[in-house]
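Student: Could you take a close look at one part of this model with me? I would like to see how a single side chain sits in its surroundings, and then how the charged pairs are placed.

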Amino acid sequence: SFESDKDWVNAHDLNKEYIMKHTNGTGMGIALNMQISPKDGNVAVVMLSHAWNEDMSQLLLMLEEAKNNKLMLQSGQVFKDDTVLWFCCFAQFQVNREARKIDPLGPTL
């Protein structure tokens with residue numbers, strides 16, 4: 001279970017407690033791991049820019065407001081629940097560096 005001295009979760013917490021645990025040994029970010037077929041990848045129409053230290057609940061509130069206000073995207077689409085996002089901590093493969101173990105299946109940038 002997640003333990004913290006703060007009452008909110010940032011992207012570092014999300015990465016440590018959820019993302020890396022579910023992607024360790026896969027060589028892929030969690031977004032690809034969650035797709036039925038990574039070869040049929042969805043095309044993102046929105047890129048989220050965020051700070052890793054920010055409260056993720058604030059990011060979620062912003063997304064809910066965009067949906068509730070029917071935000072018009074540059075593509076002409078309206079922001080909805082099924083709008084495909086590019087969210088770096090989900091899209092990028094997060095290598096488990098804390099254990100000093102580099103995932104052999106992951107990228108070597």
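Tutor: Happily! The side chains of Asp55 and Ser57 are joined by a polar contact of 2.7 Å (a pair of N or O atoms within 3.5 Å; within protein, one must be able to donate a hydrogen and the other to accept it, and residues adjacent in sequence count only if both atoms are side-chain atoms). This is a predicted model, where local features need pLDDT of at least 70, side-chain atom pairs count only at pLDDT 80 or more, and totals for chains, interfaces and linings use all residues. Residues are numbered from 1 along each chain as its sequence is written, and side-chain values use heavy atoms, with hydrogens and water left out.

Asp55 sits in the loop between strand 1 (46–48) and helix 3 (56–68); helices (H or I, at least four residues) and strands (E, at least two) are DSSP runs, numbered from the N terminus. With 16% relative accessibility, Asp55 counts as buried (under 20% relative accessible area, with exposed over 50% and partly exposed in between; 1.4 Å probe, protein chains only). Neighbours within four places in sequence aside, Asp55 is in contact with Trp8 and Val9, contact meaning heavy atoms within 4.5 Å.

Now to the charged pairs. The whole structure has two salt bridges (a side-chain nitrogen of Lys or Arg within 4 Å of a carboxyl oxygen of Asp or Glu). One joins Lys67 and Asp81 at 3.2 Å, N to O. Lys67 lies in helix 3 and Asp81 in the loop between helix 3 and strand 2, so this pair ties together parts 14 residues apart in sequence. Lys67 is partly exposed at 29%, while Asp81 is exposed at 67%.
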